[in-house]
Amino acid sequence: MKELEQGVYKRNTAGKLPTAHTSFLDEIFKANSAILNALLTLINERIFYNDGAPAQVPLMSLIGSSNEYPEEGEGLEALFDRFLLRFEVNYIGEDQSFVSMLKGSPPSPADMNIEELFQLQFFSDTVVIPDEVFDALSKIRRELMDEGIRPSDRRFKQTLSVIRAKAVLAGRDKAILEDLMILKNSLWEKPEQRDKVMKIVRNYAQDAVKTRIQGIEAETADIMKNLDQSSNSTDVAVESTKKLKSLVNELEKLQKEQPNRSEIESTITTVQSSLSGIASQVLGV
């Protein structure tokens, strides 16, 4: 107060947001303009200006909640854009969790300390993002624009950290297309855009090779199941053999197109093993 009387507008930050690693802000869109302006640079640049002097803050994660979305014209678009992941939280679904809430049961203690979070953050920074993921992001951006959905360039840049984190949590040092699926919670601007965003992201987050391999494995299982149900009929065995050979040919073609996908070879081995099984069981070869 004495400094304020002398024209120095300085906040006491000890034990408050500028010194926190993680923070939760309730009803964030109801904050006054001074707080909102301070939050913009604090969230994005991790800098807090106190009496005009910039101070680096240790903030790692900020969670905000609101019972309503910001309305157009309120000047909250920039703040809303700072939140990289957006979720709508429904009422409690699980009965046990509902009962725990009624009883006022204490939450489970944290099982991760700050040092472990720093380690995960370090490993996340080392994750490699291949060109196919960047290409998919570019196509997602173009398709969203065609639908009138325009996430900021800054937002797309920041989604890379989410993709890397997704890879680390899956125990990988390289991102894959499936990691893009998390962006269904990042790239919409208005609630009514969520379904379109989810559909577009899903189209590019699927690994076409992996999807086809899974399809071939399922087809092989169905062929062998039908053969068993036919009591190893010779006619069914011949037809099953033709289908399996066709699948092997498809896999071999796929292998030439994708020589670095080792899982193709193992799938070929599985299908060929089924072929050998038919020959030995039915044809006596």
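Eleven salt bridges are counted in this predicted model. One of them pairs Arg155 with Asp81, whose closest N and O atoms are 3.5 Å apart. Because Arg155 belongs to helix 7 (residues 153-169) and Asp81 to helix 3 (residues 77-82), this contact ties together parts of the chain that are 74 residues apart in sequence. Both partners are shielded from solvent: Arg155 has a relative accessibility of 1% and counts as buried, and Asp81 is likewise buried, at 13%.

A salt bridge also joins Asp153 to Arg141, with 3.8 Å between the closest N and O atoms. Here too distant parts of the chain are linked, since Asp153 sits in helix 7 and Arg141 in helix 6 (residues 131-146), twelve residues apart. The setting of this pair can be read from the accessibilities. Asp153 is exposed, with a relative accessible area of 53%, while Arg141 is partly exposed, at 34%.

Another salt bridge is formed by Glu219 and Arg212, and its closest N and O atoms lie 3.1 Å apart. Glu219 is partly exposed, with a relative accessible area of 33%, and Arg212 also counts as partly exposed, at 26%. Elsewhere, salt bridges with shared partners bring Asp81, Arg154 and Arg155 into one network.

Attention now turns to the nonpolar side chains. In soluble globular proteins, side chains of this kind tend to be buried together. The largest nonpolar core of the model holds 42 residues, and those with the most contacts inside it are Leu79, Leu144, Leu180 and Leu187. Two or more residues of this core come from each of helix 2 (33-44), helix 3, helix 6, helix 7 and helix 8 (194-205). Of these elements, helix 7 gives the most, with six residues. Leu187 offers a useful view of the packing: once its neighbours within four places in sequence are set aside, it is in contact with Ile140, Leu144, Ile149, Pro151, Phe156, Thr159, Val197 and Val201. A second core, separate from the one around Leu187, has 17 residues, among them Val209, Leu227, Leu247 and Leu275.

Nonpolar side chains are also found at the surface. Ile92, Phe98, Val99, Met101 and Leu102 form a nonpolar patch there, and together they have about 440 Å² of accessible area. Within this patch, Phe98 is placed in helix 4 (residues 95-103) and counts as partly exposed, at 38% relative accessibility.

For the chain as a whole, the secondary structure consists of eleven helices and four strands. The radius of gyration is 27 Å, well over the 19 Å that the globule rule gives for 285 residues, so the chain is more spread out than a compact globule. Along the principal axes, the C-alpha atoms fill a box of roughly 100 × 45 × 40 Å. Buried residues make up 30% of the 285 in the chain. The accessible surface comes to about 18800 Å², and carbon and sulfur atoms account for 51% of that area. As for how the chain meets itself, 70% of the contacts between residues at least 6 apart in sequence join residues at least 24 apart.

Some local details of the backbone complete the picture. Most residues other than glycine have a negative phi. Glu27 has a positive phi, near 45 degrees, and is found in the loop between strand 1 (22-25) and helix 2. At the other end of helix 2, in the loop that leads to strand 2 (47-50), lies Arg46. The phi of Arg46 is positive as well, near 60 degrees, and this residue counts as partly exposed, with a relative accessibility of 24%. Helix 2 itself contains Ala38, which counts as partly exposed at 27% relative accessibility. Ala38 and Phe48 are ten residues apart in sequence, and their C-alpha atoms are 6.9 Å apart in space.

Methods:
Residues numbered from 1 in each chain as written. Predicted model: local features only at pLDDT ≥ 70, side-chain atom pairs only at ≥ 80, totals over all residues. Heavy atoms only, no water. Salt bridge = Lys/Arg side-chain N within 4 Å of Asp/Glu carboxyl O. Buried < 20%, exposed > 50% of the residue type's maximum accessible area, 1.4 Å probe, protein only. Patch = residues over 30% accessible without salt bridge, like charges linked within 9 Å, V, L, I, M, F, W, Y side chains within 5 Å. Areas by Shrake-Rupley, 256 points an atom, 1.4 Å probe, with all protein chains shown as cover. Core = buried A, V, L, I, M, F, W, Y, C linked by side-chain atoms within 4.5 Å. Contact = heavy atoms within 4.5 Å. Rg over C-alpha atoms; globule rule 2.2 N^0.38 Å.
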